[in-house]
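Student: I would like a close look at the salt bridges in this model, with the pockets taken up afterwards. Please go through them in one connected account.

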Amino acid sequence: MISPMTVHVDDTGADSIAARITTPSGVEVRVRTESNYSLDHSSTPWLPPLLTAGMRKGWDLSFDGPVDSTALRGASEAQKIFLDWYPKRFREVSMAAEPGGVATGATGVGCFFSGGVDSFYSAIMESDRITHLIFVHGFDIGIGDESLAARALAGARESAAELGKPLIEVKTTIRSAFADRLPLDWGYDFHGAALAHVGLALSQHLSTVIIPSSNCRQELAPWGSHPDLDPLWSSGSVAFEHHELDLHRLGKIRRIGENRTAMNHLRVCWENLDGEFNCGRCAKCVRTQIGLAAAGARCTTFPETMDVRAVARMHMRSRDRGYLRTSLAAMHDAGVTDTELQRAVNTAIRRSHWTPALFHVRRAGSYIGQVIRRSLRR
């Protein structure tokens, strides 16, 4: 019989929580989350990420401390969604934990805030409700990248101050020490559960946590943060809301393009080529700049002009192709003409179709070459 993955919550200071996670093979992983606000020291914040990991690896879970009973019920429903989405990659697992839960009396409304399009849009549109913004180091910014984290945090602090909201600052190794080592797919499997971990850890201060949407209703697909999944991570103290399904990304860009704070601090880049805050050359940067051009907005965190040669050479996923085509169409509809940019984007789209095929051809050629060389040595 395979042993379960066990979770032991360590005794730490008020503004830090830590867990020792032992896998069925006996490997022990230590994960720490810290903040400038006090955190929940129960086992409840560890449930969403560890359930997701357990299902991906086929490991049952055992918590040595109480877990909120509402969260346990929601986790059972979350399992059904994951099994429906990923029947070949995920397996149903058991969760052994003592049901618990204590109302905290918190009334705050938090909103995750990376400084990107989605989070700026939610922060602006839900401003009347939001009491706190939440910045996390350790998700899209690597835990060891202190330089970029410091720049992003400075921008988040200035943005929060200009928007009139206190900033909750969180630093966690849940991705680097745990998810990346298993490994887990950050986008499709894990990032929504990791956000839930942070939101549940802030239960002493927040009763509602807003998770800005990644996609509009027409673009919904299995993804780590999803309107069907996010609310299921709620506990008896913290309710999660997935914000905005009716507006696509270009619509969000038009809205935040009217906001001076967003245009002075927008951060969308995950590649950060050459250490740039927004490199201006990756698919995400390019489609954002095209959207800003279509909206007639000027953002100071991007280069003044795009390097069209770099754009033509950029690497993109299949989903980027649709985003970029839509962005170019919006720019055309807005009466903004840039023939060189359009040509460069179309070149990159064409390259994205044949580059994977070329990789496989080269790989096959390398294999055939090895076979021939071995046969000649006989």
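Student: To begin with one residue, how exposed or buried is Arg 217, by relative accessibility?

Tutor: This is a predicted model, and the values below are computed from it. Arg 217 counts as partly exposed, at 44% relative accessibility. Its salt-bridge partner is Asp 246, and the closest N and O atoms of the pair are 2.8 Å apart. Arg 217 sits in the loop between strand 11 (206-212) and strand 12, while Asp 246 sits in the loop between strand 12 (239-243) and helix 7 (249-256), so the bridge ties together parts that are 29 residues apart in sequence. Asp 246 has a relative accessible area of 59% and is exposed, because the cut-off for that class is over 50%. At 44%, Arg 217 falls between the limits of 20% and 50%, and therefore counts as partly exposed.

This pair belongs to a total of 19 salt bridges in the structure. Another is formed by Arg 20 and Asp 10, with 2.9 Å between the closest N and O atoms. That bridge links distant parts of the chain: Asp 10 is in strand 1 (residues 5-10) and Arg 20 in strand 2 (residues 16-22), 10 residues apart. Asp 10 is buried, with a relative accessible area of 16%, whereas Arg 20 is partly exposed at 24%. Arg 20 also meets Glu 28 in a salt bridge, at 3.9 Å from N to O. The limit for such a bridge is 4 Å. Glu 28 is partly exposed, with 37% relative accessibility. Together with Arg 30, the residues Asp 10, Arg 20 and Glu 28 are linked in a network of salt bridges.

Now the pockets. The largest pocket has a volume of about 1200 Å³ and is lined by 43 residues, with Trp 186, Ser 214, Trp 223, Trp 270 and Lys 284 nearest its centre. Elements giving two or more residues to this lining include helix 3 (117-125), strand 9 (132-137), strand 11 and helix 11 (318-333). Helix 6 gives the most, with 5 residues. By class, the lining has 20 nonpolar, 12 polar and 11 charged residues.

The second largest pocket holds about 260 Å³ of space. It has 15 lining residues, and Gln 289, Ala 293, Pro 303, Glu 304 and Met 306 are the closest to its centre. Helix 9 supplies the largest share of this lining, 3 residues. The classes here are 10 nonpolar, 2 polar and 3 charged.

Note on methods
Residues are numbered from 1 along each chain as its sequence is written. This is a predicted model: local features need pLDDT of at least 70, side-chain atom pairs count only at pLDDT 80 or more; totals for chains, interfaces and linings use all residues. Side-chain values use heavy atoms; hydrogens and water are left out. A salt bridge is a side-chain nitrogen of Lys or Arg within 4 Å of a carboxyl oxygen of Asp or Glu. Helices (H or I, at least four residues) and strands (E, at least two) are DSSP runs, numbered from the N terminus. Buried means under 20% relative accessible area, exposed over 50%, partly exposed in between (1.4 Å probe, protein chains only). On a 1 Å grid over the protein atoms alone, a cavity is a set of points where a 1.4 Å probe fits but cannot get out, and a pocket is an open set with protein on both sides within 12 Å along at least five of seven lines; lining residues have an atom within 4 Å of a point. Grid points are joined across faces, edges and corners, and a volume is the space filled by probe spheres set on the points. Ala, Val, Leu, Ile, Met, Phe, Trp, Tyr, Cys and Pro count as nonpolar, Asp, Glu, Lys and Arg as charged, and the others, Gly among them, as polar.
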